[in-house]
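Here are my comments on the model you sent round, set out as numbered points so that each can be checked against the coordinates.

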Amino acid sequence: MLLFGRPMRTRLPELDSVQMSPLDDQVRERDSNQKQRMKEYADNKESILKHPVQPGDFVLLKREGHIPKASMPYETKPFRIVSVKGTMATAQRGTQKVTRNTSHFKKIRKTVPCPVYTDENTQCSKE
């Protein structure tokens with residue numbers, strides 16, 4: 001019986017000699033191998049999502065409270081992400097700093113998309 005060295009509690013009379021069988025070692029080894037395989041699978045899983053925002057990204061902040069149907073759910077002036085720790089992000093605009101969960105931010109592109117030109121010397125302008 002495999003009890004991992006613990007005494008069996010019973011009211012029935014029993015023999016005092018409890019010996020470890022060679023089967024115990026095989027079971028323990030197989031158990032540790034299976035646990036190691038499960039750990040490697042979980043560590044290498046690729047379905048883990050990356051953070052939606054990174055430091056330096058421009059974002060819009062979600063408005064709090066009731067939002068009328070005619071208005072935007074996000075503030076119109078962008079913030080810049082200063083730091084990210086776990087799911088908490090700190091954004092700054094001028095002297096105003098806000099710290100919220102990353103689900104309250106919407107990432108935006110701050111650069112103007114570059115149209116296709118035939119001339120190689122033409123550069124795109126950035127905001």
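**Notes on the predicted model**

1. Of the 127 residues in the protein, 13% are buried. The accessible surface amounts to about 11500 Å², and carbon and sulfur atoms contribute 53% of it. Among contacts with a separation of 6 or more, 39% are between residues 24 or more positions apart.

2. Please bear in mind that this is a predicted model, with a pLDDT that averages 81 over the protein and reaches at least 70 for 78% of the residues. Taking the elements by their mean pLDDT, helix α1 (residues 22-43) is lowest at 90, while strand β4 (residues 96-101) is highest at 94. As a general caution, predicted coordinates should not be read in detail where pLDDT is low.

3. The secondary structure consists of 1 helix and 5 strands, and from the N terminus on the elements follow the order α-β-β-β-β-β.

4. How are the strands arranged in the sheet? The 5 strands make an open sheet, ordered β4-β3-β2-β1-β5, with antiparallel pairing. Because β4 and β5 (105-108) are at the edges and each has a single partner strand, one side of each is left without a neighbour in the sheet. On average, and with direction ignored, neighbouring strands of this sheet are turned by 45° against each other.

5. Turning to the individual pairings, strand β1 (residues 58-61) is joined to strand β2 (residues 79-85) by 2 bridges, and the two run antiparallel. Within this pairing, Val59 has Phe79 of β2 as its bridge partner.

6. β2 also pairs with strand β3 (residues 88-93), in the antiparallel sense and over 5 bridges, and here Lys85 is found opposite Met88 in β3. These two strands, β2 and β3, form a hairpin with 2 residues between them, and Gly86, which lies in the turn, has a positive phi of about 65°. Anyone inspecting the backbone of this turn may wish to begin with Gly86 and its positive phi.

7. On the other side of the comparison, β3 is joined to β4 by 6 bridges, again with the strands running antiparallel. Met88 has Asn101 as its bridge partner in β4, and Met88 is also the residue in β3 that Lys85 stands opposite, which makes Met88 a convenient residue from which to follow both pairings in the viewer.

Definitions and conventions: Residues numbered from 1 in each chain as written. Predicted model: local features only at pLDDT ≥ 70, side-chain atom pairs only at ≥ 80, totals over all residues. Heavy atoms only, no water. Pairing = 2+ DSSP bridges. Helix = DSSP H or I, 4+ residues; strand = E, 2+ residues; numbered from the N terminus. pLDDT = per-residue confidence, 0-100. Axes fitted to C-alpha atoms, helices over the stretch in contact; angles between N-to-C directions. Buried < 20%, exposed > 50% of the residue type's maximum accessible area, 1.4 Å probe, protein only. Contact = heavy atoms within 4.5 Å. Areas by Shrake-Rupley, 256 points an atom, 1.4 Å probe, with all protein chains shown as cover.
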